[in-house]
Amino acid sequence: MTGNDVFNTALDLCALRNANGSIPADCEDLRQRAVGLLNLLIAENAYLDSLIKKQNIVISIIASLSDPIELSPILISVVLPYGLAWLLIQNEDANTAAFFKAKYESERVRIQSQLKGVIKDITEVY
């Protein structure tokens, strides 16, 4: 999925896209802010992504909305849209932003709680 996919889903959550999928002219500033905000969310979720993939932490930022996001599909499709919706409208609609923030945080917790631990041998040090 690309940054555009997450951005469009976030705008849909905020009910800010027209029926034909276009963005109203008065919302163009949201597109300009989206790359920076997505990079913030990518970095914030890199640790959880590393747990899902069982790999080292890698932060792969995007330069434009057309770039693919290199996180686990569950994070891209479930977590990032709520996080981006929250960040995009936090100064416009505090109540809706608070809902999206809570949903973002609860989805992160839900995903992390479903990850299984790794069994390792105990090493006697004495």
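**Exercise 1. How many positive and negative side chains does the chain have, and how far apart do the centres of the two sets lie?**

Solution. First, fix the count: Lys and Arg are positive, Asp and Glu negative, while His and the chain ends are not counted. Next, place each charge at NZ of Lys, CZ of Arg, CG of Asp or CD of Glu. The chain has 11 positive and 15 negative side chains. The centres of the two sets lie 6 Å apart.

A note on the source. This is a predicted model, in which local features need pLDDT of at least 70 and side-chain atom pairs count only at pLDDT 80 or more, while totals for chains, interfaces and linings use all residues. Residues are numbered from 1 along each chain as its sequence is written, and side-chain values use heavy atoms, with hydrogens and water left out.

**Exercise 2. Describe the chain as a whole.**

Solution. Start with the elements. Helices (H or I, at least four residues) and strands (E, at least two) are DSSP runs, numbered from the N terminus. The chain has 5 helices and 0 strands. Their order from the N terminus is α-α-α-α-α.

Then take the dimensions. The C-alpha trace spans about 70 × 30 × 20 Å along its principal axes.

Now the surface. Accessible areas come from the Shrake-Rupley method with a 1.4 Å probe; for residues, only the protein chains shown count as cover. About 7,700 Å² is exposed, and carbon and sulfur atoms supply 53% of it.

Finally, burial. Buried means under 20% relative accessible area, exposed over 50%, and partly exposed in between (1.4 Å probe, protein chains only). Of the 126 residues, 37% count as buried.

**Exercise 3. Find the residues and helices that build the largest nonpolar core.**

Solution. A nonpolar core is a set of buried Ala, Val, Leu, Ile, Met, Phe, Trp, Tyr and Cys residues joined through side-chain atoms within 4.5 Å. The largest one holds 34 residues. F7, I69, L84 and L88 touch the most other members. Two or more residues come from each of α1 (3–13), α2 (28–44), α4 (73–89) and α5. The most come from α4, with 11 residues.

Zoom in on L84. Contact means heavy atoms within 4.5 Å. Beyond its neighbours within four places in sequence, L84 is in contact with V6, F7, A10, A34, L37, L38 and L41.

**Exercise 4. Follow the chain from N45 through α3 to K54.**

Solution. N45 sits in the loop between α2 and α3. N45 counts as buried because its relative accessibility is 0%. Outside four places in sequence, its contacts are L71, L75, V79, L80, Y104 and R108.

Helix α3 covers residues 46–53, and A46, L48, D49 and S50 are buried there. The buried residues of α3 pack against α2, α4 and α5.

K54 follows α3 and lies in the loop between α3 and α4. K54 is not a glycine, yet its phi is positive, about 55 degrees. K54 counts as exposed because its relative accessibility is 59%.

**Exercise 5. Is A15 buried or exposed?**

Solution. Locate A15: the loop between α1 and α2. Its relative accessible area is 65%, so A15 is exposed. A15 has a positive phi of about 55 degrees although it is not a glycine.

**Exercise 6. Place K103 in the chain.**

Solution. K103 belongs to helix α5 (residues 94–113). K103 is partly exposed, because its relative accessible area is 26%. I74 is 29 residues away along the chain, and the C-alpha atoms of K103 and I74 are separated by 14 Å.
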